[in-house]
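Ready for a few short exercises? Have a look at the structure below, then work through each task before reading its solution.

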Amino acid sequence: MGLLRLVALLPMKQRRRRRRRTSADESTASEPKVKGSPWGQCANLGGTKRNRSHLTLDMLPQDVLQKILALLPMQDAARAACASGELLQSWRYYPELEFSTKTLDLDEHHTRIQGQMATDVTSRIDCVLQNRAGFWVKRLKFQLQFFLEVQNCYIDRWLDAVNPGIEEFTLELPWDGRMKYNFPCRVFFHENGFSIQSFCLYACAFHPEQRSYSFRSLKRVHFSWVHTTTEELQSFLSNSLALEHLELWHCHYIATLKIPCALQLFNFLRVVRCNMLQMIESDAANLSTFHYEGPIIQFSIVESLQLKDVSISIYPWLNLFDDARAKLPTFAPNLETLFLMSADETGAFYELSNLVPGKFFHLKHLELAIVGPRTEIFFDYEFLSLVPFLNSSPALETFILHVEETAVQHSHLVIDPSKLTKIPRHRHENIKHVTITGFCPTRKLMELIFYILENAVSLKSLTLDNRIRGFEKDLVVRVSQDTGTRDFEEWQNIFGDNEELLQHTRRAHPNPYWEPYLSHIAITKYILGRVPSYVELKLLGTPPDEIVSSISAWERRLGIVNCPQSVL
């Protein structure tokens, strides 16, 4: 039952509760009492049941009841208020109001509601806010994406619920590609702005006036599909000196993002798909987490000893891995976790002695994703080009490689030992866990696996997963959404018709088990015998035994197994 329906049932439930209480009192009065009972006058004649004294809600002070109710989720607190008059009074002081599909009793089918249903939901929101008028709200959340459209006058009226002392505020509106609501900055004038700690906006415009507010307690900001300019965002950040966490998603009117050095507590920055962004400049000395996804831009990040978690997903960038290995140690010397996704990594192999040195002395977790599309020139990726990354990370414990669109193997792999690339051995003392998804039995990928098995002396587990993780699919969706923007035009200029190229490179075979079968045969033939006894080999995405037997029998009938075609 929805929160607002419970509120409507309160008078009826109170009448029922009074009737039950009256009946119980009459029943107690009719019972005979035992004189001299050690339990006073609450014992039954037979002595088999004793009504012991107990603590009831009406014995507790209101401030205690308020604290108890505040520990419950909002829906549970509302139900408790319906069952108790004492808790009903405390409910008016419940610190959170959230309006979402969950609290409004809407299921997953209620999306883009309009007409009478939208009118009913709007009335229910009005009812709750009117009942809570004048009472303090600590957390106020309007998650209204399920509407087809919300009139601005309703939003303005609901924002009057923002009162002094509010700490968390969320406004998420329906998004149809147009900015229809301009968030009124007057909401956070004076005392309201002093207390706010978390501020989230979705699908609206935010145009703060210069020096018209002060967010001296603001710690966390999340803007998604928000229309705000470079200057307006800069002014906003300059007045939020306690800021610790900033996320910008699809904010396409920002050209430059500057994090001033005055933000001494700032430690988390995530920027996703802000397509007009040209540069990110951070002077925050305590930045510890930096995540970026989008087109190529310039980064200017002051050296931070606290920066330990970096995630960068960029396209197109032909040598992201090499650039990251050369530049990241200069401003993130204590990096511990690194994720890189490149949409067109060349994977050129260089002599290890000619590579520019760069050390990640504290890097423990390295995750790399290589996705398409790629031109035919760079179709066969040199996976041994990743070895310098491993050599540069003496403390590395976990290495994960996602192969999304590598060369497709159509026949059995035949490896000639004389054609394997020779590289110097390097003892990796700390690598314990290695995972490769999108495994495809190509010689160059097998060379990397051989290298790891020979040099990772502390290896505990090797996971080979034939399934594709899905980065490429997500990437294509995002690119297709950005038609007309700068990064899409750059993508088109380099790769031409991306859908045609993806169809050319995407794995496809009439038998869906064919490639998993080839991987199974290659692993059995070339990898199993190289895995030390102390290493656990995990094979995921392999075909069932009956499929392996069926394809093997089919190959024997055709004579394929006896005459494998070399792909070297």
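**Exercise 1: two positive phi angles**

Asp105 is partly exposed, with a relative accessible area of 32%. The model used here is a predicted one.

Task: find where Asp105 and Ala203 lie, and decide whether Ala203 is buried or exposed.

Solution. Start with the backbone: most residues other than glycine have a negative phi. Asp105 is not a glycine, yet its phi is positive, at about 60°. Next, locate Asp105: the residue belongs to the loop between β1 (96-99) and α6 (115-131). Now turn to Ala203, another non-glycine residue with a positive phi, near 65°. Ala203 sits in strand β5 (residues 198-206). Finally, apply the cut-off: buried means under 20% relative accessible area, and Ala203 has 3%, so Ala203 is buried.

**Exercise 2: a helix pair**

Task: classify the packing of α16 against α17 and list the residues in contact.

Solution. Take the geometry of α16 (residues 514-527) and α17 (residues 545-558): the angle is about 85° and the axes are 11 Å apart. Angles of 65 to 115 degrees count as roughly perpendicular, so α16 and α17 are roughly perpendicular to each other. From α16, the contact uses Trp514, Tyr517 and His520; from α17, it uses Val548, Ile551, Ser552, Trp554 and Glu555. Sorted by class, this contact has five nonpolar, two polar and one charged residues.

**Exercise 3: an open sheet**

Task: which strands stand at the edges of the sheet, and why?

Solution. Read the order of the three strands, β8-β10-β12, which pair in parallel. β8 (256-259) and β12 (298-301) each have a single partner strand, so they are the edges. Between β8 and β10 (residues 279-282) there are four bridges, and Leu257 is partnered with Ile280 of β10.

Note on methods: Residues numbered from 1 in each chain as written. Predicted model: local features only at pLDDT ≥ 70, side-chain atom pairs only at ≥ 80, totals over all residues. Heavy atoms only, no water. Pairing = 2+ DSSP bridges. Helix = DSSP H or I, 4+ residues; strand = E, 2+ residues; numbered from the N terminus. Axes fitted to C-alpha atoms, helices over the stretch in contact; angles between N-to-C directions. Parallel < 35°, antiparallel > 145°, perpendicular 65-115°, else oblique. Contact = heavy atoms within 4.5 Å. Nonpolar A, V, L, I, M, F, W, Y, C, P; charged D, E, K, R; others polar. Buried < 20%, exposed > 50% of the residue type's maximum accessible area, 1.4 Å probe, protein only.
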